[in-house]
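The following exercises introduce the reader to one protein structure. Each task is followed by a solution in steps.

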Amino acid sequence: MAEFDRDQVYKTVPQKGFFGNPKGLFTLFFTEFWERFSYYGMRAILIFYMYDSVANGGLGIDKPTAASIMAVYGSLVYMSGIIGGWVADRLLGTSRTVFYGGVLIMLGHIVLALPAGITALFISMGLIVIGTGFLKPNVSNIVGDLYSKTDNRRDAGFSIFYMGINAGAFLAPLIVGKVSDSAGYHAGFALAAIGMFLGLIVFVLTKKKNLGQAGTYVLNPLEGNERKRFFTIAAVVVIVLAVLGTIASMTGLLTISRFTLMVTFLGILIPIAYFTFMLRSPKITDDERSRLLAYIPLFIAAAVFWAIQEQGSYVLSIFADERTNLSFLGFGLEPAFFQSLNPLFIIVLAPVFASFWVKLGDRQPTTMQKFSFGLVFAGLSFIVMMLPGLLFGTDTTVSPLWLALSFFLVVIGELFLSPVGLSATTKLAPAAFSAQTMSLWFLTNATGQAVNAQIVKYYGADTEVAYFGITGLVAIILGVILFAFAPKLQKYMRGIR
């Protein structure tokens with residue numbers, strides 16, 4: 001198969017028009033804005049919905065189990081990106097995969113908006129997991145398709161795109177949280193469905209004009225016999241899993257605890273298998289293989305980072321609900337409102353980071369060094385959360401400024417790591433596995449949250465100080481180690497900085 005020439009295929013994409021970037025960035029910016037509005041709006045109230053009493057409209061699940069389900073949910077959402085990447089690379093192309101993903105996400109939110117109890121919760125989770133796996137890695141991959149590998153606007157473009165993600169994530173908890181408080185949880189979930197619907201409208205109406213041919217090509221299509229075999233195997237697997245799942249559930253063999261443990265193992269084993277498969281593939285060159293080896297420490301660092309960052313939606317949500325004084329400067333706060341802090345800080349700081357990288361040019365830190373800084377700041381965000389328990393005890397409420405400082409620190413780490421990781425993935429990806437490598441990047445989040453599914457069970461009033469302290473210290477130590485080895489690891493990138 002001839003090597004895919006991205007610059008030739010996408011040469012028709014308009015080169016300027018959205019803050020000095022290709023016009024296609026407008027389409028992808030607002031598509032992801034509304035998708036993130038729907039996802040983070042739902043997620044901001046989901047844990048409270050799960051552990052709130054049935055009398056208050058919740059499901060009455062105990063807090064440790066609810067936190068573990070949240071971690072598993074988040075892990076599966078990002079784990080499904082592997083499926084989305086494969087479908088894009090071999091069946092539909094990234095553009096159509098993004099569209100179908102958005103439709104599934106919207107249906108998932110609609111199901112959750114129905115007052116059908118825990119059954120609706122799990123059906124909704126299934127739809128949103130697959131839908132996000134289809135949409136999220138592929139919309140990011142199309143962003144990469146807008147630039148050549150030598151275009152120095154790439155990191156800035158991904159930072160602008162990242163602002164779109166976080167603008168939606170900022171507004172969602174404030175609006176959905178308020179609607180949920182006044183009209184009930186299901187009204188909040190319905191609002192999330194409307195958000196995804198708006199994202200689909202933006203994508204459909206503007207993609208032809210702004211994206212050109214970007215995302216329309218199937219990079220490594222299945223041939224006739226391969227295609228028939230795939231659909232046969234897929235149908236058999238779905239039927240077998242459905243039958244086994246039903247039997248295991250009815251007999252009591254499939255419990256929430258066992259399911260979360262299974263997801264934890266998958267979160268660790270899938271990336272190992274995926275790296276092994278790509279490294280052994282005859283479809284990649286020696287340079288691509290070397291770059292893929294350099295990607296492994298980036299993957300591990302990102303997984304550790306997300307393990308801390310994602311706990312903001314469950315462990316820190318519980319802290320906001322139980323340990324935080326919700327009356328501040330005369331204003332009454334909702335626990336869900338704290339979920340807007342992370343994207344708010346990103347919106348404020350992302351332009352600063354983007355302009356900083358452009359100004360530094362070739363003098364900026366390497367990707368490895370940026371990742372190490374990200375880990376250190378993530379660790380510090382948890383060290384900060386250890387202090388209220390040490391200073392005031394764990395049986396009283398504390399100022400919301402502690403949470404604000406923690407979110408601020410982890411956002412600094414996120415801006416060192418996440419948009420840079422997106423950009424690095426598109427540059428280091430083997431041509432034959434373009435979309436699938438982007439899926440591998442989102443698998444870093446899946447791995448981090450899969451591990452979280454076991455860790456979060458240990459969070460409580462008695463363990464609060466040790467929980468935050470140990471987790472934060474581990475991240476800082478790993479960040480220092482990565483920084484020390486950054487020069488040696490850089491050589492494996494073969495000219496990609």
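Contact means that heavy atoms lie within 4.5 Å. The model is predicted: local features need pLDDT of at least 70, side-chain atom pairs count only at pLDDT 80 or more, and totals for chains, interfaces and linings use all residues. Residues are numbered from 1 along each chain as its sequence is written, and side-chain values use heavy atoms, with hydrogens and water left out.

**Exercise 1. Determine where A350 is placed, and which residues A350 contacts beyond its neighbours within four places in sequence.**

Step 1. A350 belongs to helix α13; helices (H or I, at least four residues) are DSSP runs, numbered from the N terminus.

Step 2. A350 is buried, because its relative accessible area is 1%; buried means under 20% relative accessible area, computed with a 1.4 Å probe on protein chains only.

Step 3. With neighbours within four places in sequence left aside, A350 is in contact with S159, M163 and L415.

Step 4. Between A350 and A484 there are 26 Å from C-alpha to C-alpha, and 134 residues in sequence.

**Exercise 2. Describe the surroundings of T132 and T31 in the same manner.**

Step 1. T132 lies in helix α6, whereas T31 is found in helix α2.

Step 2. T132 counts as buried because its relative accessible area is 2%. T31 is likewise buried, since its relative accessibility is 1%.

Step 3. Apart from neighbours within four places in sequence, T132 has contacts with E35, R36, V77, S80, I105 and P137. With residues up to four places away not counted, T31 touches G199, V202 and F203.

Step 4. The C-alpha atoms of T31 and K283 are 32 Å apart, and the two residues are separated by 252 residues along the chain.

**Exercise 3. Characterise the largest cavity and its lining.**

Step 1. On a 1 Å grid over the protein atoms alone, a cavity is a set of points where a 1.4 Å probe fits but cannot get out, and lining residues have an atom within 4 Å of a point. The whole structure holds four cavities of 30 Å³ or more.

Step 2. The volume of the largest cavity is about 370 Å³. Its lining comprises 27 residues, of which Y40, Y78, W306, Q309 and E414 are the closest to its centre.

Step 3. Helix α7 (154–183) contributes five residues, the most to this lining.

Step 4. The lining of the largest cavity divides into 13 nonpolar, nine polar and five charged residues. Here Ala, Val, Leu, Ile, Met, Phe, Trp, Tyr, Cys and Pro count as nonpolar, Asp, Glu, Lys and Arg as charged, and the others, Gly among them, as polar.

**Exercise 4. Characterise the largest pocket.**

Step 1. A pocket is an open set of grid points with protein on both sides within 12 Å along at least five of seven lines. The largest pocket contains about 1,900 Å³ of space.

Step 2. Its lining has 45 residues, and I83, I130, V238, L241 and F259 lie nearest its centre.

Step 3. Helix α9 (224–251) gives the most to the lining of the largest pocket, with 15 residues.

Step 4. By class, this lining has 33 nonpolar, eight polar and four charged residues.

**Exercise 5. Locate the bend in α17.**

Step 1. The bend at a residue is the angle between axes fitted to the seven residues ending there and the seven starting there.

Step 2. In α17, a bend of about 45 degrees occurs at A484, and the proline P487 follows within four residues.

Definitions and conventions: Points joined across faces, edges and corners; volume = space filled by probe spheres on them. Helix = DSSP H or I, 4+ residues; strand = E, 2+ residues; numbered from the N terminus. Buried < 20%, exposed > 50% of the residue type's maximum accessible area, 1.4 Å probe, protein only.
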